[in-house]
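Here are my notes on the model you sent. Please read them with the structure open.

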Amino acid sequence: MKREVVIKLIILLSPAIAILTSILVGRYPINPFEAYVALFSKIAPHLVHSLSEVTKVIVIDYRLPRVLTAAIVGSALSVSGASLQSCLLYTSDAADELDGV
């Protein structure tokens, strides 16, 4: 029982870890605190003053849209794959000898 909970927790946290890693890793390395401050500066700019403009541009204008687009496209592909599997589950269109369905 405990092993199932750990596996489910890992599966649920994997996308969040991948998103955070994608925001932090790149040609211009950014530490987690700088990324957090850059994201928070967009929400409450009057509270954050000590961050370089280059870091804000990299995180907000380049990495965040790329990561969010990848997450949305990945989730759309998973939904379409699940719906295709459910449609072809009890039909003869999904026979074992067929490829490319």
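1. Surface. Accessible areas here come from the Shrake-Rupley method with a 1.4 Å probe. On that basis the protein chain exposes about 8,200 Å². Carbon and sulfur atoms hold 68% of this surface. Keep in mind that this is a predicted model.

2. Burial. The protein chain has 101 residues, and 16% of them are buried. Buried means under 20% relative accessible area.

3. Overall layout. The protein chain has three helices and zero strands. Read from the N terminus, the order is α-α-α. Of the contacts with a separation of 6 or more, 48% join residues 24 or more positions apart.

4. Helix α1. This helix covers residues 2–24, which is 23 residues. From first C-alpha to last, α1 reaches 32 Å. The expected value at 1.5 Å a residue is 33 Å, so the two are close, given that the expected span is 1.5 Å times one less than the number of residues.

5. The kink. Where does α1 bend? A kink of about 35° lies at L13. The proline P15 follows shortly after.

6. P15 itself. This residue sits in helix α1. Is P15 exposed, partly exposed or buried? P15 counts as partly exposed because its relative accessibility is 46%, and partly exposed covers values between 20% and 50%. A71 is 56 residues away from P15 in sequence, yet the C-alpha atoms of the two are 8.1 Å apart.

7. The core. Which residues form the largest nonpolar core? There are 11: I23, I30, A35, V37, A38, V48, L51, I58, V59, I60 and V67. Two elements, α2 (32–43) and α3 (53–87), give two or more residues each. The largest share, four residues, comes from α3. As background, nonpolar side chains tend to be buried together in soluble globular proteins.

8. V48. This member of the core touches V37, F40 and S41, leaving aside residues up to four places away in sequence. V37 belongs to the core as well.

9. Aromatic rings. The count is one aromatic pair. The ring centres of Y36 and F40 are 6.0 Å apart and the planes stand at 10°, so the pair is stacked. The cut-off for stacking is planes under 30 degrees apart.

10. Placement of the pair. Y36 and F40 both lie in helix α2, four residues apart, about one turn of the helix. An α-helix has 3.6 residues a turn, so residues three or four places apart point the same way. F40 has a relative accessible area of 29%, so F40 is partly exposed.

Definitions and conventions. Residues numbered from 1 in each chain as written. Predicted model: local features only at pLDDT ≥ 70, side-chain atom pairs only at ≥ 80, totals over all residues. Heavy atoms only, no water. Buried < 20%, exposed > 50% of the residue type's maximum accessible area, 1.4 Å probe, protein only. Contact = heavy atoms within 4.5 Å. Bend = angle between axes of the 7 residues up to and from the residue. Core = buried A, V, L, I, M, F, W, Y, C linked by side-chain atoms within 4.5 Å. Phe/Tyr/Trp six-rings, centres within 6.5 Å; stacked < 30°, edge-to-face > 60°.
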